[in-house]
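Subject: Structure handover, with notes

Dear colleague,

Here is the structure I promised to pass on to you. Please look through the sequence and the coordinates before you read my notes.

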Amino acid sequence: MAKTERATADLLRLAFVEIRFLTEDRQEDQSPEAVIRRRKRVNAIADICHNLPGLLAPGRPDRLADGLRYLWSTASAVKRCWLVSNWDHLAYDHWWLTAPTPKVTADAAE
């Protein structure tokens, strides 16, 4: 599995874990404001990741790179922060995507 595919699969895994944590009933702060904050974060993570499984379809590596470029170009600052934070946690070199003017493909980064 290529580095970008592995990082994308791991990103999904991290998203599931975070969503599970945020929706857990045992959260200490159950104030309406805290519940709304957590719900917004869950929705943002779900919005980031909802197309990623389809981009991991076998035999379509160009689809993954193009899909990640589209995701990055349309993501809000909060969503970009989540992506970069998780890619950094995974030690994934995302420079090809997050640089101000990406000029190389995901394959060139590997």
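What follows is a summary of what was found, going from the overall fold to single residues.

Please keep in mind throughout that this is a predicted model. The secondary structure of the chain amounts to seven helices and zero strands, and the order of elements from the N terminus on is accordingly α-α-α-α-α-α-α. The chain has 110 residues, of which 33% count as buried. When contacts between residues at least 6 apart in sequence are considered, 59% of them join residues that are at least 24 apart.

Helix 1 covers residues 3–22, and its 20 residues reach 28 Å from the first C-alpha to the last, which is close to the 28 Å expected at 1.5 Å a residue. Its buried residues are T4, A7, T8, L11, L12, L14, A15, E18 and L22. R20, which also lies in helix 1, has a relative accessible area of 68%, and because the threshold for exposed is over 50%, R20 is classed as exposed. Between R20 and V42 there are 9.0 Å in space, C-alpha to C-alpha, although the two are 22 residues apart in sequence.

The next point concerns open space in the model. The largest pocket holds about 210 Å³ of space, and of the 13 residues that line it, D47, N51, Y70, L71 and T74 are the closest to its centre. Which helices each supply at least two residues of this lining? They are helix 2 (32–49), helix 3 (52–55) and helix 4 (61–74), with the largest share, four residues, coming from helix 4. Sorted by class, the lining of the largest pocket comprises six nonpolar, five polar and two charged residues.

The aromatic side chains deserve a paragraph of their own. The structure holds two aromatic pairs. In one of them, the rings of W72 and W87 have their centres 6.5 Å apart and their planes at 35°; since tilted covers the angles that are neither under 30 degrees nor over 60, the pair is tilted. This pair links distant parts of the chain, with W72 in helix 4 and W87 in helix 5 (residues 77–89), 15 residues apart. W87 also pairs with Y92, at 5.9 Å centre to centre and with 55° between the planes, and this pair is likewise described as tilted. W72 and W87 are both buried, and Y92 is buried as well. Taken together, W72, W87 and Y92 form one aromatic cluster.

A last residue to look at is K79, which is found in helix 5. Is K79 buried or exposed? Its relative accessibility is 18%, and because buried means under 20%, this lysine counts as buried. Leaving aside residues up to four places away in sequence, K79 touches A44, D47 and I48. One of these, D47, was named above among the residues closest to the centre of the largest pocket.

If you open the model with these notes beside you, the two places I would suggest viewing together are the lining of the largest pocket, to which helix 4 gives four residues, and the pair of W72 in helix 4 with W87 in helix 5.

With best wishes

Notes. Residues are numbered from 1 along each chain as its sequence is written. This is a predicted model: local features need pLDDT of at least 70, side-chain atom pairs count only at pLDDT 80 or more; totals for chains, interfaces and linings use all residues. Side-chain values use heavy atoms; hydrogens and water are left out. On a 1 Å grid over the protein atoms alone, a cavity is a set of points where a 1.4 Å probe fits but cannot get out, and a pocket is an open set with protein on both sides within 12 Å along at least five of seven lines; lining residues have an atom within 4 Å of a point. Grid points are joined across faces, edges and corners, and a volume is the space filled by probe spheres set on the points. Ala, Val, Leu, Ile, Met, Phe, Trp, Tyr, Cys and Pro count as nonpolar, Asp, Glu, Lys and Arg as charged, and the others, Gly among them, as polar. The expected span of a helix is 1.5 Å times one less than its number of residues. Buried means under 20% relative accessible area, exposed over 50%, partly exposed in between (1.4 Å probe, protein chains only). Rings of Phe, Tyr and Trp (its six-membered ring) pair if their centres lie within 6.5 Å; planes under 30 degrees apart count as stacked, over 60 as edge-to-face and the rest as tilted. Contact means heavy atoms within 4.5 Å.
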